[in-house]
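Trainee: Could you take me through the sheet of this protein in close detail, strand by strand, together with what packs on it and the loops beside it? I would like the definitions along the way.

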Amino acid sequence: TLFRSKIKELFTEIKGALFIIIEAPAGFGKTCTANEILNSITIENSKILPFFTELSRNREARVFKHILLNEIDDQFPNGIKQNVVLEQIYKGRIPLIIDGFDELITKESNKEDVESMLSTIVDLLQNDAKIVITSRKTAILNSEEFLETINSSIENFSLARFEIKEPTIENWLHNQRLE
């Protein structure tokens, strides 16, 4: 709940674009956390319509931008054009939650593919856009390319990185139960 409240605080207090990265090993709760963020955004503000996508479901396309646009087409009713959805993402009315960002990265992924994925995210970080990605702790999010991409445009958005650590017994039990 502390984690969720910190992210909620960032969403409400940060003016301008916000990029949140949540990293953890497999099975540590990234998807659960993404769903909690989705639920808390939805409950808090009826004027915001979060867009949640799980990249593990769509592995046919290799270009992240195409996957994202395909997900927009699939999840929004016919007649709502991609540019309208993108405009609302830029305005912050449609926060983008991308679960499993690392799912598109394979051992065969080349440097250009990774740079394209990162630049697509950075291109979306305009005005008041709010983007959350979950990923396993991968080399790409600590790579020179990532740091260069972020540093080249960091004045346009705020960045917050979280790491979900291995849970302990204290995370699950109240003090009385621990005793």
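Mentor: Happy to; here is a walk through the sheet, then the helices beside it, and then three loop residues.

Some ground rules come before that. This is a predicted model, in which local features need pLDDT of at least 70 and side-chain atom pairs count only at pLDDT 80 or more, while totals for chains, interfaces and linings use all residues. Residues are numbered from 1 along each chain as its sequence is written, and side-chain values use heavy atoms, with hydrogens and water left out.

The protein chain has eight helices and five strands; helices (H or I, at least four residues) and strands (E, at least two) are DSSP runs, numbered from the N terminus. Read from the N terminus, the elements follow the pattern α-β-α-β-α-α-β-α-β-α-β-α-α. Of the 179 residues in the protein chain, 41% are buried. Here buried means under 20% relative accessible area, exposed means over 50%, and partly exposed is in between (1.4 Å probe, protein chains only).

Now the sheet itself. The five strands form an open sheet with parallel pairing, in the order E2-E3-E4-E1-E5. Two strands pair if DSSP finds at least two bridges between them. At the edges are strand E2 (51–54) and strand E5 (157–163), each of which pairs on one side only. From one strand to the next, the twist averages 10°. For that angle and those below, axes are lines fitted to C-alpha atoms, for helices over the stretch in contact, and angles run from 0 to 180 degrees between N-to-C directions.

Let us start from the E2 edge. E2 runs parallel to E3 and is joined to it by four bridges, with Phe52 having Ile97 in E3 as its bridge partner. E3 then pairs with E4 in the parallel sense over three bridges, and Ile97 stands opposite Val132 in E4. In a regular strand the side chains alternate between the two faces of the sheet. In E3, Leu96 and Ile98 point one way and Ile97 and Asp99 the other way, and all are buried. Towards the other edge, strand E1 (residues 17–23) runs parallel to E5 and is joined to it by seven bridges. One of the pairs there is Leu18 with Ser158 in E5.

Next come the helices that lie on the sheet. Helix H6 (residues 144–153) packs on it, touching E1 and E5, and its direction makes about 145° with that of E5. Contact, here and below, means heavy atoms within 4.5 Å. H3 lies across E2 and strand E3 (96–99), running at about 120° to E2.

H3 also has a helix partner. Two packed helices are described by the angle between their axes and the distance between the axes. The axes of helix H3 (residues 64–75) and helix H4 (residues 82–91) come within 10 Å and cross at roughly 105°, so H3 and H4 are roughly perpendicular to each other. On that scale, angles under 35 degrees count as roughly parallel, over 145 as roughly antiparallel, 65 to 115 as roughly perpendicular and the rest as oblique. From H3, Leu69, Ile72 and Asp73 meet Gln82, Val85 and Leu86 of H4. These contact residues divide into four nonpolar, one polar and one charged; Ala, Val, Leu, Ile, Met, Phe, Trp, Tyr, Cys and Pro count as nonpolar, Asp, Glu, Lys and Arg as charged, and the others, Gly among them, as polar.

Finally, the loops. Ile14 sits in the loop between helix H1 (2–13) and E1, and counts as partly exposed at 22% relative accessibility. Beyond its neighbours within four places in sequence, Ile14 is in contact with Glu9, Lys130 and Ser158. From Ile14 to Asp128 the separation is 114 residues in sequence and 8.9 Å in space, C-alpha to C-alpha.

Pro25 belongs to the loop between E1 and helix H2 (30–44), and its 38% relative accessibility makes it partly exposed. Setting aside neighbours within four places in sequence, Pro25 is in contact with Lys30 and Ile164. Pro25 and Ile164 are 139 residues apart in sequence and 8.0 Å apart, C-alpha to C-alpha.

The loop between helix H5 (111–124) and strand E4 (130–135) holds Asn127. Asn127 has a positive phi of about 50° although it is not a glycine, and at 54% relative accessibility it counts as exposed.
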